[in-house]
Amino acid sequence: MNKEKQSYKFLLLEENPDYFTIIQELLFEKFTHPLVIRAKFEKVTDFLINKNNPFDAIILDLSLTIKRGKEIITDLLKIAGNCPIIILANTRDAKYCETYINQGVADYLFKEEITSTLLLKSILYAIKSNIQNQKIIQSEIELKTTQKAAKVGTWQTSLYDFSSIWSDEIYRILGEEKKESKVSHQHLLRYIYPTDLHVFKDAFTKSLSSKHLNVIHHRIKDNSGQIKFVEQRWKIVRDEESQPIYAVGTFNDVSEKKRFQERALKIEAYNKDILKNISSNIAIINSKGDIIASNEAWNRYSIENGEPIIEKTGNGSNYFKVCQDAWNSGDVSALKVLEGIKKVVNGKIPEFVHEYPCHSPEKKQWFAMKALKVSNTDKNVLIIHQDITPKKIVEFENEKIAFDLTQRNKNIEQFSYIVSHNLRGPLANILAMSELLKYDNVNPSDMLPILKGMSNAAFKMDDVLKDLNAILHADNPSSETLEEVYFQEITDIISNSFKNIIENQNIQIQTNFKEVESIFSLKSYIHSIFYNLIYNSIQFQHKNVTHKLEIQSKKTENGIQIKFKDNGTGINLQKNKERLFGFNKGLDNISEDKRIGLYIVKSQVEALKGNISVKSTVAKGTVFTIEFKIPLL
Amino acid sequence: MKSIEQIIFIDDDEINNLISERIVNKTIVSNLKLSSFVYAEEGLKYIKSEALKIEENKLILIFLDINMPFLNGWQVLEQIEQMGEIVHNKLLIYMLSSSIDPNDRRKASENKLVSEFIEKPLSNSIILQIMKNYNIPISENKI
């Protein structure tokens, strides 16, 4: 057998010098230059006190009685530290020698049988097992540290006598001094929160007949009186006959976790409540348009309402498709909405807002749809439909006030213009002619033209006054409210008032209001617009041709269009376009009262936020086109 | 001193022109040439040709209405403006309008070509005043 190369240091406790020499020689046989120090047992402390120079092993010749030997070993273990001890025993009684092992020595050899090989094997074994022990101790320390950090303690309870062993962490959790001895199972029950006691007791009793892992949560009151939440997990260990022997388990302080969870749950509950109770309709769609979440108001609205833009919009349906369908079925704003939402999805705009009316037969409602990103990193988009009816009503009221004021201003302008020009003109003539009549030497031949002129002027004034009256009556929107005005009804009323002219002159008025039969507007305005345009058309009849006037309504992208088309004399627009609707004199062959009529039409169309345009060919006819936006205001 | 050689009325209201001519006839004795135009364009052509014909110290008195078809009074003034100083120096322009709109009065006072704004009807007192300033003999049987 090869010699061990490493240089070992041994402390040999040997009273007998001769035997010391024998052992030393045996060591020199197997080890290269071992350092063997002989010491008397009384002096051993001096050698071992120097920790920087520890021995690889202590070899103790125990020629004493077992009783005396035990004391020596106990003393030696205390000062030997990590150094393994090998006993050289006088006796060959293995049973006695086992007690040394139980005390903590590494190995023993019978003196009578000792050889260099046996000694070598024993020393190497002692050193090796010592290293392993060190590792176990180290891992135990680590486990304790882990337990402390995780606030997890371990316990074991015997089911014979209900005594328990607790790990350090359990003591720490309970706030109790660590005891070396065992504690009773009852001891733990002292700490369990009174109302939770039955939970633990029931679960423990039940677990005795269970093979599975048992888990319970309960509160404890620690030594300082603090309430803690604990999670216990344990299992019953059984013997070969399936009789329960002991229970092993963990004891986990989950107070912080629980607090955190509770807070999270509360926040979640609050959020849910907020979403649930908020009156706006809220849904979240993903980048493909699928509705992945919605609040109660949204769902309720979907159920209650037949509005095409919102129907069938529950969870799981596709909002893009809803918009597309609404567009296909004639909702003109749906495409704009769809494009707006897609822009938000693609991050081209931060948010998209669209206001729309949604009237039911019972009440008028307006909504605002808002689409915005849930977060910068998320592709999902929040869709909010909010009832803005109160805001709209205020807006309408404000607009109506502004509208009334503007209209009043316009009325005053019109009034002063009419007074200034149309009324003052003929009056000036009457004044001038009456002045002429004052002269004594008026020729009788001059009298007649003057009187005729005065009469004409007076009639002209009367016409202007009638128009003025019409304007002031029609332009009184403050006493009116918006209502559904049916085009056919209005046309019929006006045709009836021109009944004689229409019948005598064989005038044909054809209407087509199939596409749009009504408008939500001011009735007197619509009446006045129709009246003036019909009257205007009749005035410009082409001689020798049956006069035809076609009136029709049409849907447009933003609202509706009404066309008045006739085959009359037409208007030279190159000459007169700018002044056609103006109040200036200046339209060839159009008399003053007709100019006022067109002025009224224009101002009323514009007051309703509409637009009027004209196309005309001399001797062929004229087309007046009126466009209104819907909603009206 | 310059003196008035003739009077031109431009107004689409024929009756007004007729009345104005009569009032002038009743007020002054000398036989001034009077012309009336219902269409402003014709009036403009006439003014241009007459202004170039008349003697250096003679003036054409013009009564111009504001609200007229095709060309209103302001537009007529714009066109006269373009005829140059030779023409301007021979014109004496009064706006004669039924308008009681202060804006029209203001606009008239701001225009260099316009002497004064007169509210219709033309009265003999106004004619008298103008004629006095230009040495035109006045009729005896005036008011």
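This short presentation describes a structure with chains A and B, moving from overall composition to aromatic rings and then to one sheet.

Colleagues, this is a predicted model, in which local features need pLDDT of at least 70 and side-chain atom pairs count only at pLDDT 80 or more, while totals for chains, interfaces and linings use all residues. Residues are numbered from 1 along each chain as its sequence is written, chains are lettered from A and ligands numbered from 1 in the order in which they are written, and side-chain values use heavy atoms, with hydrogens and water left out.

I begin with chain A. It holds 19 helices and 23 strands; these are DSSP runs numbered from the N terminus, H or I of at least four residues for helices and E of at least two for strands. Of its 633 residues, 42% are buried, where buried means under 20% relative accessible area, exposed over 50%, and partly exposed in between, with a 1.4 Å probe and protein chains only. Contacts are heavy atoms within 4.5 Å; among those in chain A between residues at least 6 apart in sequence, 57% join residues at least 24 apart. Chain A exposes about 35,600 Å², with 53% supplied by carbon and sulfur atoms. Accessible areas come from the Shrake-Rupley method with a 1.4 Å probe, and for residues only the protein chains shown count as cover.

Chain B has six helices and five strands, running β-α-β-α-β-α-α-β-α-β-α from the N terminus. Of its 143 residues, 55% are buried. Its accessible surface comes to about 7,000 Å², and 47% of that belongs to carbon and sulfur atoms.

I turn now to the aromatic rings. Rings of Phe, Tyr and Trp (its six-membered ring) pair if their centres lie within 6.5 Å; planes under 30 degrees apart count as stacked, over 60 as edge-to-face, and the rest as tilted. Over all chains, the search finds 20 such pairs. In one of them, Tyr8(A) and Phe31(A) meet edge-to-face, 5.1 Å centre to centre with 75 degrees between the planes. What does this pair tie together? Tyr8(A) lies in the segment before strand E1 (9–13) and Phe31(A) in the loop between helix H1 (17–30) and strand E2 (35–39), so the pair joins parts 23 residues apart in sequence. Tyr8(A) is buried at 7% relative accessible area, and Phe31(A) is buried at 1%.

The rings of Tyr531(A) and Tyr535(A) have centres 6.1 Å apart and planes at 15 degrees, so this pair is stacked. Both residues lie in helix H17 (523–539), four residues apart, about one turn of the helix. Tyr531(A) is partly exposed at 31%, as is Tyr535(A) at 23%. Elsewhere, ring pairs link Trp155(A), Phe200(A), Phe204(A) and Trp234(A) into a cluster.

Finally, consider a sheet in chain A. Two strands pair if DSSP finds at least two bridges between them. Six strands form an open sheet in the order E8-E7-E6-E11-E10-E9, with antiparallel pairing. Which strands stand at the edges? They are E8 (183–184) and E9 (214–221); each has a single partner strand, so one side of each is left without a neighbour in the sheet. Within the sheet, E6 (152–158) and E11 (244–253) pair in the antiparallel sense over seven bridges. There, Gly153(A) stands opposite Phe251(A) in E11(A).
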